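Trainee: I have a model open and some terms to sort out. Can we go through them together?
Mentor: Go ahead.

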Amino acid sequence: MSVFSRRTVVYMILVAVLVLMLSPFGWLAITALKDASELRALPIHWWPHEPTLGNFEQALTLFDYLGYARNSLTIATLYAVLVTLASAWAGYGFARLEAPGKKAVFGVLLSTMMLPGVITLIPTYLMFAKLHLVNTYMPWVLWGLSGAPYLIFLFRQFFTNMPKELEEAAIVDGCGQVRIFWRIFLPQSWPVMATSFILSFSWTWGDYIAPALLLDDARTTLAVKLAIGYTNEHGAQLSNLVAAGAVMYVVPVLVLFLIMQRGFISGISTSGLK
Amino acid sequence: MSTGQLIDQTAGPGAATPSARRPAGPTRRPTSLRTRRAWSFYVFTGPWVLGFLVLTVFPLAYALWLSFTNADGLSDNARFVGLDNYREVLSDPATLDSLWRTGVFTAITVPLTIAAGLLLAVLVNQPIRARGLFRTLLYLPAVVPPVGGALTFKLIFDRDSGAANGALDAAGINGITWLVDPYARYVLIALTLWGVGNGMIISLAGLQDVPRELNEAARVDGASPWQSFTRITLPLLSPVIFFQVITGIIGSLQTFMPLLIALNPTPAGVTSVPESNYFYMIHVFAQYFANGRYGYASALLWVLFAIICVVTFLIFKLSKGAVFYSVEPEPTKRKARTIGGGR
């Protein structure tokens, strides 16, 4: 054996990788704390000599930051609520009901999980443009109402494993399937609902391409505005404001993740194993 | 006598009972339980099917129709041009170059991220202290939304104020203008690798499903750790790796990330994407939103769609026999998997 134990080597690699992986966050924070003159300093300051929070204030006011954040929040919440309920609804059907053609429909569902999403988005945009639904939040309502294959699959897995007696008792009492779903199955599935809500909320909050295509500058989301909003009158990027704006955009997502890790991770790892 | 008791006596609820045999109660319609369950199935899955048809199938068909025309998105007199657009796809050097670039990028980043993710997963699966913390923090960059990551890397690789040139400067090397040719491609690869946590979590989930006894038995029989990893762990992980290969390739071939680290990150700003990052999807955006060539762009989309289908099919075919699905417990019956460090 070498001088170092195996465990020490593992630690050393992990710490090195961790430092590398977290350093972009560090640089983002450092840049956000520099004023314009310090940003231009050569050689660069690795640490702000006169840290300032002024960038955050400017980042909020150079454009209507909170207004765009509200747009993002509205779209993300709207979509996340609808897609969670719609996916639970469809997931129940795939898990608990039998009908001719079920196998085929389920096969289509599974294969759509692999459908290249960006490719279908541009024609969808063209369609919405023809229907005059561009610049409204209707696309997200429609996407939400039809459910997402991956979330439907999550709910289906959960509902499949619920005991049959639950349903039988309800049928004996004369409950219809809708009532059984709504009163018995849906309330039981709150962990999946939470996972589904968080995942779909953060997809939409982070999504760039759909709002960039579907919404104009006034109605678009923070993700889109952030990418183009911080320039001076000559079109040059105001890096310290970009940093401050990005910090305020990213931190809520990271906090949400840290609070709800369990749901995040179980959702993501299940997707890898069918 | 209630209907409930009636059903109970005949066949038990939930079982398919032919309606002829079941005495119909006064309040019941003469439909069987099976028929009603079937109707319920269509009611429950209908919205998704409808959404799929309207929001996916129809747009794709619409693009297919456009691809045979010279539509420009403005005038209404689009003319049918047959296969002209497809002929142009195959002869346009800009298209072929962008496809080649995208392919090279995919061939580099997909294996790299999977291998690195697997390595990290193995490391954070060791019985070490604070491994839950390591898992969480290593995964953190994968949670960052694309725009957040792109902006961060643009700042790091800024010519004047970025950390990358700061480090080069400290080492006595002249700074590099990173975000233009030919260096922009390295920034893009670095940004892609930053999301390695995703692969790590998926591989970790797979590792936790490998029965411990198998590796222990192998070690007792005198296998080295490396042998037990390559002969037992890796084959059992093959479905998980296979999944990552498929989704990785599909995602990578249609990536528009170059746009986000370009000077003007808008759909119409494709002209600001440096040539080394001018990927296929960027080319598609350029045709749609900069040149207004809807017909040609739709043909490009369908060609990419076909390429992705063929590649996916080939990988499925080629991996037959290399992917083991034998030890696959039911997903939800597995122990709750958290990165919180539970053992």
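Trainee: What pattern does chain B follow, read along the sequence?
Mentor: Chain B reads α-α-α-α-α-α-α-α-α-α-α-α-α-α. This is a predicted model: local features need pLDDT of at least 70, side-chain atom pairs count only at pLDDT 80 or more, and totals for chains, interfaces and linings use all residues. Residues are numbered from 1 along each chain as its sequence is written, with chains lettered from A and ligands numbered from 1 in the order in which they are written.

Trainee: What makes a helix or strand here, and how many does chain B have?
Mentor: Both are DSSP runs, numbered from the N terminus: H or I over at least four residues for a helix, E over at least two for a strand. Chain B has 14 helices and 0 strands.

Trainee: What makes a residue of chain B count as buried?
Mentor: It needs 20 or more other C-beta atoms within 10 Å of its own, C-beta atoms being placed from the backbone. Of the 343 residues of chain B, 36% count as buried.

Trainee: How do you know which residues of chains A and B are in contact?
Mentor: Their C-beta atoms, placed from the backbone, must lie within 7 Å. By that rule, 87 residues of chain A are in contact with 83 residues of chain B. Helix α1 (residues 6-32) of chain A gives the most to chain A's side, with 13 residues.

Trainee: Where does UniProt place the domain in chain A?
Mentor: The unreviewed entry puts "domain: ABC transmembrane type-1" at residues 69-260 of chain A. Such annotations may be inferred rather than shown by experiment. That span is 76% helix and 0% strand.

How values were computed:
Two residues are in contact if their C-beta atoms, placed from the backbone, lie within 7 Å. A residue is buried if 20 or more other C-beta atoms lie within 10 Å of its own, exposed if 12 or fewer, and partly exposed in between; C-beta atoms are placed from the backbone.
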